[in-house]
Amino acid sequence: MPQNNGPKELETYLEEVAGGDPHVRAAAGVLRDVAAAASQLSRIIGLGRLGGHPGASLGRMNVDGDVQKELDVLANEIFVDSFRQSPVAAVVSEEMKEPLALDPAGLLAVAMDPLDGSSNIDTNVSVGTIFSILPVLAGRGNAEAHFLQPGRKQIGAGFVIYGPQTSILFALGAGQTQIFTLDRRDGRFYQTLPAPVIAAEFTEYAINASNYRHWEAPVRAFIDDCEEGAEGPLKRDYNMRWTGSLVADAYRIFMRGGVFLYPGDQRAGYGSGRLRLLYEANPIALAVERAGGSATDCVRPILDIVPSSVHAKVPLVFGSPACVGLVARYHSDPQFSDRAPLFGNRGLIRP
Ligand code: F6P
Ligand code: MN
């Protein structure tokens, strides 16, 4: 029911935005499914060991080589089941090797990471669910074909964060990014925050710095310059945060700006970083752009990349637009990354 005085309910927002476009209406339905499934998963996560051992390892890997946990598999089932009554033609998930075909007449294809950050379950740190909604391609073909479209084609995308609050952050249709928070008293999501706008400048960066020795020169140079703070070429002090849950680092950036980097590096299997294009980078990138931020693979906008396969990885840099642009310059302009004596006093050559 629409609320007149209190915060807006998710259902009301979805009705308002869906309009007459059949794809956007169908995507709004998928968002309802995601919200209902997330409310169920939030309860299970909130119980912790009272509900069994959700962080227990199943002793096997998913397609990306991450150890599968009981909760990874359960989350996958809960979300897939939630799409069974909706016009969803196929689902790609981090926890399933092959795309799963559902409604042959469905208008939409959904890619998801059902439980992002699952290595954090037993440490009581926020985890999440990331989702991307694409239109199916005319003429159909095999299920995989629908997913090999650039992220710019997404009709809706975002993530749920299961933290101190459970919230869903998404962009639908041509809309701005919005945030709705689960009221655990009635199981519904309400809008308690204005549409987030990512700060243009950054004072905080997020990167797994233990990989420093594996990074390429431009990434090392950028992080070196951040670490040098006010005495270095960037001429200001920076703070650093890394949670190990993409959703938690992303949510923080929506709230107070900053930049996240998971670049490619020289470790075997990490040439394109660790994160997946379809169900991690693309949905985050859409939500980030619709909140005034930027997202690249260090150079190119994430949303312009045509996926080569459903589980393809991609280097990911997102957040405050001035900073994402700066990282791109470290990659394309030797003045920014060259440590040669010519550029010894690098503060002088900054714009
Ligand atoms: O899903 C992959 C993921 O767990 C992200 O949530 C997170 O940002 C990243 O991997 C953490 O990577 P690392 O283990 O290198 O810190
Ligand atoms: Mn993940």
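**A manganese site and a five-stranded sheet**

In this predicted model, Asp 113 is buried, with a relative accessible area of 0%. Asp 113 is one of the residues that coordinate the manganese ion (ligand 2), the others being Asp 116 and Glu 280; the two aspartates contribute OD atoms and the glutamate an OE atom, at 2.0 to 2.2 Å. Along the chain, the donors of this ion follow the spacing D-x2-D-x163-E. Because Asp 113 belongs to strand S6 (residues 108-116) whereas Glu 280 belongs to helix H6 (residues 277-289), the pair ties together parts of the chain that are 167 residues apart in sequence. Glu 280 is likewise buried, with a relative accessible area of 1%.

An open sheet is formed by five strands in the order S13-S12-S14-S16-S15, with mixed pairing. The edge positions are taken by strand S13 (239-240) and strand S15 (294-296), each of which has a single partner strand, so that one side of each is left without a neighbour in the sheet. Strand S12 (residues 204-206) pairs with S13 in the parallel sense over two bridges, and Met 240 in S13 is the bridge partner of Tyr 205.

Helix H5 (residues 246-256) packs on this sheet, where it touches S12, strand S14 (259-262) and strand S16 (316-319), and the direction of H5 makes about 30° with that of S16. Helix H6 also packs on the sheet, touching S15 and S16, with its direction at about 25° to that of S16. Helix H6 thus takes part both in the packing on the sheet and, through Glu 280, in the coordination of the manganese ion (ligand 2).

Definitions and conventions. Residues numbered from 1 in each chain as written. Chains lettered and ligands numbered in written order. Predicted model: local features only at pLDDT ≥ 70, side-chain atom pairs only at ≥ 80, totals over all residues. Heavy atoms only, no water. Donors = N, O, S within 2.8 Å, 3.2 Å for Na, K, Ca; no water. Helix = DSSP H or I, 4+ residues; strand = E, 2+ residues; numbered from the N terminus. Buried < 20%, exposed > 50% of the residue type's maximum accessible area, 1.4 Å probe, protein only. Pairing = 2+ DSSP bridges. Contact = heavy atoms within 4.5 Å. Axes fitted to C-alpha atoms, helices over the stretch in contact; angles between N-to-C directions.
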